[in-house]
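Hi there,

Here is the structure I promised to pass on. Have a look at it first, and then read on for my notes.

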Amino acid sequence: MQQIEGRFRPEIQALRTVAVASVVLYHLWPHRLTGGYVGVDVFFAISGFLIIGHLLRETQRTGTVDVMSFWARRVRRLLPASIVVLLATAVAILVWVPQVLWVQFFKEIAASSLSVQNWLLAANSVDYLGADNAASPVQHFWSLSVEEQFYIAWPLVVLVVVALVRSRPDARLKRILFVLLAAITVASLVYCVVMTSLSSSTAYFSTVTRAWEFTLGGLLAFATAGRRRPNRVLAAAMSWTGLVAIGLSVLLFTAATPFPGSAALLPVAGTLLVIAAGTPHIWWSPTQLARLGVVQWVGAVSYSLYLWHWPLLTIAPFALGHPLGLKSKVVVLAVAVVLAWLTKRFVEDPARTMQPLVRRRPLISVVVGVAAAALVVAGSGTVAVATDASVRAHTASVERAAAAQRACLGAGAMTDESCRNPFTPTALTDPGVAATDIGKGVAVVDPCKQGLTETAVMVCRVGDTHDPAKVVALIGDSHAGQFLLPLAKYGAAHGIEFVTYLKSYCAGTGAEGVAASGNGNPDVVHSCATWGQAVQKDILSSKDIQAVVFTNYTQAYTHAPSPWRSLTSDDFEQVWKPLQERGKQVIALRDIPNAAGVDVPQCVAQHLDQTDPCATPSDRAQLASTADPMLLGSQAVRGVHVLDLSDLFCTAGTCHTVIGGLIVYFGSHHMTATFAKTTAEAAGRAVDRAVESR
């Protein structure tokens with residue numbers, strides 16, 4: 001039960017019910033309850049009110065803060081249930097989840113145990129190779145990590161302030177803490193709004209952008225300390241207004257809502273209005289609803305319910321072998337509720353009041369908690385390291401086999417009519433190897449590819465770099481980078497030097513204001529334009545470069561986030577014409593087909609017994625030629641040579657993910673390095689002929 005200074009607070013317990021119901025139902029039916037994710041913000045505001053209020057009262061009562069006792073209570077309250085769920089999840093992963101996902105999932109279990117899951121997810125969100133990672137069964141621990149970081153930091157802040165005041169708590173100390181809270185709230189909120197506009201995915205997980213949600217709750221604790229409740233009419237109106245604010249957030253917010261940003265003010269303010277109102281005793285207030293037994297019961301098990309629902313949702317499809325339907329989701333929900341009750345009854349409550357720990361020094365509880373978390377970290381880390389080592393061994397085996405097996409390997413199976421069953425998995429079809437098979441020119445940190453915000457021109461020279469008969473430039477993003485290895489291989493054998501100009505999330509046209517979908521960071525957008533213009537000058541000034549190949553992840557630039565614009569055919573025209581005027585052949589290499597958002601190694605791992613697993617219809621695998629700005633630009637500029645390698649990936653309206661025994665993609669749209677090398681002859685010959693055609 002939720003109590004403050006001995007008083008039971010049914011409205012806070014009811015808010016917990018609203019919060020957990022919003023999150024769980026959103027995860028079950030995201031297209032129905034589109035803003036259910038704001039339940040997390042409700043939890044944050046409640047925690048800020050309760051924890052900061054508790055510490056305020058402790059400083060007023062004792063003159064200081066017993067940090068170790070505070071942490072000990074938090075450890076006994078939160079850690080046992082989370083450890084149980086993490087261990088159960090780890091076992092379920094080992095039993096049902098394909099090994100290709102083990103490294104990622106067990107790393108996240110370790111991060112969750114260390115209360116840094118939010119920072120791991122934030123890092124992945126700005127990693128264009130990691131952003132498409134499968135949703136892990138412990139991904140929801142990010143919010144617990146934020147809370148736990150708050151629980152660690154705020155008592156220390158209060159302790160420092162108390163030490164600086166160097167006197168028994170009085171109005172002066174309270175004023176200093178209030179001003180500090182207000183300053184943190186304003187700074188964090190401003191940073192949150194700014195960061196959401198720059199990188200909403202990073203802002204979503206950051207503790208810094210979420211701090212104001214806690215401290216705003218703390219400001220309410222300060223404002224209401226020792227004061228009477230508002231009159232019951234006003235209080236009832238406040239309570240309903242707060243609930244409506246939360247409800248509107250849940251119903252009207254969507255995945256497209258810039259969040260957290262200023263939008264998060266609505267559910268947070270709504271939560272604080274309900275808390276400030278209390279339980280007004282007037283017939284039309286929501287008090288009677290809040291006091292309903294089922295509402296209070298769900299609030300009581302909300303923590304365990306939050307912990308259990310997501311692992312069940314994410315692992316059940318692996319166990320069942322198919323996506324969850326309506327009946328399956330209802331069963332998952334029922335199982336989550338039962339597990340939540342069992343955890344509350346036999347783990348949460350006993351651990352919180354466990355006399356051997358409660359009676360001992362608080363340090364003992366903290367040490368026990370840290371030791372338990374360390375064991376989970378050690379176990380999950382061991383599995384991740386062992387799995388990674390196994391993948392490395394298999395990678396070496398696949399590389400040796402691939403080097404020895406020339407005919408019908410990879411893309412070769414698409415050009416050799418004698419190859420039978422080119423889309424059937426073989427001994428070389430290893431999802432674990434494919435998931436980590438990232439070649440030079442593609443990796444996030446790569447010596448041949450400029451980073452997201454850097455503008456300096458950096459080149460790599462591959463192929464015949466000693467006495468080439470031809471010199472060809474390659475411009476674009478990581479989708480251009482995936483051709484570095486095959487072109488290097490072809491160039492070395494045919495007297496061609498390839499000079500690569502690569503940059504993450506940048507098509508290389510030098511056009512101003514063009515952004516990739518999901519990446520509206522101004523630094524990224526501006527640096528792309530500056531870099532592209534510098535690349536053009538570099539190539540125009542080169543006497544050796546005879547031809548320039550443009551290729552990129554074109555569809556990523558056709559749905560730019562506001563306030564930026566999408567890539568157009570005019571952008572290509574503007575960069576191509578000066579190159580042609582300088583006598584350089586322009587080659588437009590159409591972007592390769594992709595798996596339409598499917599994580600290919602994961603999908604293939606689940607369907608290794610099938611012929612042509614995880615194939616994608618051509619109309620979903622590739623941007624239509626009528627919507628492709630690069631192809632449209634080639635129609636407007638005479639002399640541009642267009643190359644299309646789709647035949648290496650697709651047949652009769654279907655694009656394949658396993659070709660010649662090799663998995664084509666390491667994610668959903670980048671070629672594995674091993675498969676890319678098998679395109680060397682076809683891709684290199686196509687470029688070679690295009691250069692010869694000038």
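Below is what I found, starting with a pair of helices and moving on to a sheet. Please keep in mind that this is a predicted model.

The helix pair is α3 (residues 67–96) and α17 (residues 362–404), whose axes lie 9 Å apart and make an angle of about 20 degrees. Angles under 35 degrees count as roughly parallel, so that is how α3 and α17 run relative to each other. Their crossing is left-handed. On the α3 side the contact includes Trp71, Val75, Leu79, Ile83 and Leu94, and on the α17 side Pro362, Val366, Val370, Ala373 and Val383 are among the residues involved. Sorted by class, the contact comprises 17 nonpolar, 3 polar and 1 charged residues.

Now for the sheet. It is open and has 6 strands in the order β3-β5-β4-β6-β7-β9, with mixed pairing. The edges are taken by β3 (459–463) and β9 (641–643); each has a single partner strand, so one side of each has no neighbour in the sheet. From one strand to the next, the twist averages 25 degrees.

Within this sheet, β4 (residues 470–476) and β5 (residues 496–502) are paired in the parallel sense over 7 bridges. If you want a spot to zoom in on, alanine 473 sits opposite valine 499 of β5. Helix α21 (residues 484–494) packs on the sheet, where it touches β3, β4 and β5, and its direction makes about 160 degrees with that of β5.

Happy browsing, and best wishes!

Terms used
Residues are numbered from 1 along each chain as its sequence is written. This is a predicted model: local features need pLDDT of at least 70, side-chain atom pairs count only at pLDDT 80 or more; totals for chains, interfaces and linings use all residues. Side-chain values use heavy atoms; hydrogens and water are left out. Axes are lines fitted to C-alpha atoms, for helices over the stretch in contact, and angles run from 0 to 180 degrees between N-to-C directions. Helices (H or I, at least four residues) and strands (E, at least two) are DSSP runs, numbered from the N terminus. Angles under 35 degrees count as roughly parallel, over 145 as roughly antiparallel, 65 to 115 as roughly perpendicular and the rest as oblique. A crossing is left-handed if the near helix is turned anticlockwise from the far one by less than a right angle, and right-handed if clockwise. Contact means heavy atoms within 4.5 Å. Ala, Val, Leu, Ile, Met, Phe, Trp, Tyr, Cys and Pro count as nonpolar, Asp, Glu, Lys and Arg as charged, and the others, Gly among them, as polar. Two strands pair if DSSP finds at least two bridges between them.
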